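Colleague: I would like to understand one part of this model properly rather than skim the whole. Please choose the part that holds the backbone together, and take me slowly through its pairing and the loops beside it.

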Amino acid sequence: MDKTYYDPKDLKKFGDIAEFGPELAKKFFDYYGDVFKEGALTSREKSLIALAVAHAIQCPYCIDAYTSDTLEKGADEEQMMEAIHVSAAIRGGASLVHGVQMMNKVKEITMQ
Amino acid sequence: MKSLKARKHDLALVDRQLEILEDNQSIGIDSFEDKLQQIDHYPLKPTGIEVFQVNVGKMCNQTCKHCHVDAGPDRKEIMTRETMQQCLDAIRDTDIHTVDLTGGAPEMNPDFRWFVRELSALGKHIMVRCNLTIIVANPKYNDLPEFFSKYKVEVISSLPYFSARRTDAQRGEGVFERSIKALKMLNAVGYGKVDSDLMLNLVYNPTGVFMPGSQESLELQFKQKLKDGFSIDFNSLYTITNLPISRFLEYLVISGNYKDYMEKLANAFNPVAAKGVMCRNTISVGWDGYLFDCDFNQMLELNINNSAPDHIKDFDIKKLNNREIIINQHCYGCTAGAGSSCGGATA
């Protein structure tokens with residue numbers, strides 16, 4: 001297969017989205033830059049959150065970008081994997097908590 | 001692991017390294033010269049020599065995967081006392097205030113201690129790039145902390161990470177544990193302690209294909225982790241970017257990351273860092289007395305240019321201060337992001 005939906009080279013072209021809409025792109029990238037600045041959270045903590053979210057939304061570009069970024073910010077493999085488990089726990093929990101809805105419905109439509 | 005030279009690897013030849021580096025067109029990045037021209041900073045000129053860096057030999061007790069010197073136990077190139085004397089004669093009556101001793105493991109040079117004593121007698125500030133493990137490698141080196149303290153030598157030591165996994169992956173099995181032991185020995189004589197004038201600075205360099213993050217932020221993490229985990233104190237952390245030469249170049253090529261890394265460095269070119277590169281105030285002396293703009297140019301055998309004599313026996317500070325600095329594609333490593341030098345970030 002010589003074509004895929006995701007091409008790692010496209011990550012480097014992220015800024016090119018300005019071509020079809022410069023004003024909104026500028027607003028977005030300015031906002032993006034500000035979000036990741038040191039604040040009440042350190043830039044390393046923000047990067048680990050981004051890595052976890054990248055896995056939750058399963059964005060290959062974001063996973064590549066924030067794997068490098070967390071390493072640059074001084075995170076280690078243990079911290080990175082823990083961040084992904086947080087993501088997995090929330091995703092798994094989000095499915096499981098709907099089990100309550102299922103149980104409610106079962107109880108509603110079956111003889112108890 | 002053996003050195004590239006001992007393995008007869010083609011990257012042991014500087015011509016092969018330069019051939020790879022100079023093919024910037026296939027990567028699609030500007031030549032470093034063009035980049036400097038774009039910011040009106042070419043040719044690169046010195047600001048005046050303040051730091052005299054001496055590589056006293058390529059022999060080392062470690063064989064780190066990223067070593068730009070291709071140092072190791074199998075390297076026998078070592079500076080003689082005669083060349084050291086020429087260094088002393090060259091800087092005696094100059095304004096050069098700092099001498100930076102590097103290697104290999106500089107302490108393995110049999111005349112290392114003599115050289116330190118002579119430099120101290122000249123009133124020069126001495127720095128040593130100590131790999132830490134040499135202190136515990138052999139009983140004859142166990143007193144190095146006391147020796148350093150006697151001459152107020154500033155100790156600069158590599159510790160790429162505050163855990164064994166990452167450190168050992170780069171520097172060899174067991175290096176982290178031995179480094180911690182050596183750091184405790186340095187702390188015990190007062191190095192890195194509050195209110196002490198014995199300076200202990202650590203060097204962080206990435207353990208892979210990424211650039212160092214914020215020096216300030218990494219220093220905070222290192223201080224906290226080394227204090228909490230090992231009761232170790234140090235003064236400052238210097239972040240250094242790995243330059244794509246020698247064994248780090250080998251790693252980049254083998255892992256298939258060379259192109260991406262060069263692109264990353266070039267895209268992160270920072271004009272402020274370019275103006276603060278260390279070669280502008282440093283001169284580098286090789287084990288055989290030849291002169292270079294920096295330790296990296298030394299390893300690529302890019303001798304200083306023809307406008308000044310290129311050997312320590314003909315040292316001419318006036319001509320050196322008027323020379324043009326030799327540049328090549330590896331220089332992107334010193335100008336990327338927050339910049340990189342033997343003293344850490346520059347921008």
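Modeller: Helices (H or I, at least four residues) and strands (E, at least two) are taken here as DSSP runs, numbered from the N terminus. Residues count from 1 along each chain as its sequence is written, while chains are lettered from A and ligands numbered from 1 in the order written. The model is predicted, so local features need pLDDT of at least 70, side-chain atom pairs count only at 80 or more, and totals for chains, interfaces and linings use all residues.

The part I have chosen is the sheet of chain B. Chain B averages a pLDDT (the predictor's confidence in each residue, from 0 to 100) of 96, and 100% of the residues score at least 70. For the model as a whole, ipTM is 0.78 and pTM is 0.91.

The sheet is open and has eight strands with mixed pairing, in the order β6-β5-β4-β3-β2-β1-β7-β8 (chain B), where two strands pair if DSSP finds at least two bridges between them. At the edges stand β6 (237-239) and β8 (291-292) of chain B, each with a single partner strand, so one side of each is left without a neighbour in the sheet.

Let me start from the β6 edge. Here β6(B) pairs with β5(B) in the parallel sense over three bridges, and the bridge partner of Y204(B) in β6(B) is T239(B). Strand β4 (residues 154-158) of chain B also pairs with β5(B) in the parallel sense, over four bridges, and S157(B) stands opposite L202(B) of β5(B).

Both of those β5(B) residues belong to a clear pattern along the strand, which covers residues 200-204 of chain B. L200(B), L202(B) and Y204(B) point to one face and are buried, whereas N201(B) and V203(B) point to the other face and are not buried. A residue is called buried if 20 or more other C-beta atoms lie within 10 Å of its own, exposed if 12 or fewer, and partly exposed in between, with C-beta atoms placed from the backbone.

Further along the order come β1 and β2 of chain B. Strand β1 (residues 51-55) of chain B is joined by five bridges to strand β2 (residues 98-102) of chain B, and the two run parallel. Within this pair, F52(B) has V99(B) in β2(B) as its bridge partner.

The loops beside these strands deserve the same care. Most residues other than glycine have a negative phi, and most peptide bonds are trans. In the loop between α3 (32-38) and β1 of chain B lies P43(B), which is joined to Y42(B) by a cis peptide bond with omega of about 0 degrees. A second cis peptide bond joins G103(B) and G104(B), with omega of about 20 degrees, and G104(B) has its place in the loop between β2 and α5 (112-121) of chain B.

The remaining loop residue to look at is L132(B), in the loop between β3 (125-130) and α6 (133-137) of chain B. Phi of L132(B) is near 75 degrees, a positive value in a residue other than glycine. L132(B) counts as buried because 26 other C-beta atoms lie within 10 Å.
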